[in-house]
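User: Could we go through this fold together, starting with its overall dimensions? I would like a short explanation with each value.

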Amino acid sequence: MRRKLVVGNWKMNGSIAKNKVLLEAVIVGVRDLHHGDFVVCVPYPYLAQAQALAQGTNVAWGAQNLSSNEDGALTGAVSPSMLMDYGCSHVIVGHSERRLLSHETDDTAAARFHAAINAGLTPIFCMGETLEERESDWTEYVVGRQLDSILRRFGPESVSKAVLAYEPLWAVGTDNPATPAQAQEVHTFIRKRIARCDKKIAKNVRILYGGSLNPSNAKALFDMPDIDGGLVGRCSLDASAFVGICKAT
Ligand code: PGA
């Protein structure tokens, strides 16, 4: 049985004062939820704060990106072991905003994915197609290519140490979530593609859905057989909305 997982992606939002109120409310809100795992991915400067507040609770914390290098002359970069220093368990890799705005490619995302695993972090590896790609019937081609960038290079064992996230770009930051059937179709495609390499790993890997998740649509999505939870953007900034989604586990 795959346990459901809900991950909040705070993106570039927050302040010491706001985070305290938000995270304390999330911690209280999910304290008695035993059917899922919960993670918040916070901006780098707030990792220490997240660690101080969430340690010893059932909320884990992580980052939104990492360098594929361990150290060196890389101004502005943050290494995997730095994230480990702050107790991170997870790190988002290859989010569409990074692919679009920061020139992340399949190759650079794959290198970060590998660096995360080597450091003992669980990468949350994001994949998804644009609206144009979906309308041209390229969804499986694009998602398959993104998946293969890690699967072919590092093998199915690497996927067993990761979480995957299907985040169609047309659903991220819009008010247009995928329908449960649309998401399920792509999740099945992802799982089947992994099963071609290793059936057991395909069966056990958690595949999250992300894109305009909210407390009203989460349950129907999470009820689909291949959707194992969610990656949440905007609603992760509102404790009651985030907890509402966590309750759908
Ligand atoms: P959203 O973002 O929930 O605001 O659509 C999702 C994401 O970017 O992970």
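User: What radius of gyration does the protein chain have?

Analyst: Happy to help! This is a predicted model, where local features need pLDDT of at least 70, side-chain atom pairs count only at pLDDT 80 or more, and totals for chains, interfaces and linings use all residues. Residues are numbered from 1 along each chain as its sequence is written, and side-chain values use heavy atoms, leaving out hydrogens and water. The radius of gyration is taken over C-alpha atoms, and the globule rule is 2.2 Å times the number of residues to the power 0.38. Because a compact globule of 249 residues would come out near 18 Å, the chain agrees with that rule at 17 Å.

User: How much of the protein chain is buried?

Analyst: Buried means under 20% relative accessible area with a 1.4 Å probe, counting protein chains only. Over the 249 residues of the protein chain, the buried share is 53%.

User: Which residues touch the most other members of the largest nonpolar core?

Analyst: A nonpolar core is a set of buried Ala, Val, Leu, Ile, Met, Phe, Trp, Tyr and Cys residues joined through side-chain atoms within 4.5 Å. The largest one has 67 residues, and those touching the most other members are L83, L164, I190, I194, Y209 and F222.

User: Which helix gives this core its largest share?

Analyst: Helices are DSSP runs of H or I with at least four residues, numbered from the N terminus. The largest share is 6 residues, and it comes from residues 239-247, helix α11.

Methods: Buried means under 20% relative accessible area, exposed over 50%, partly exposed in between (1.4 Å probe, protein chains only). Helices (H or I, at least four residues) and strands (E, at least two) are DSSP runs, numbered from the N terminus.
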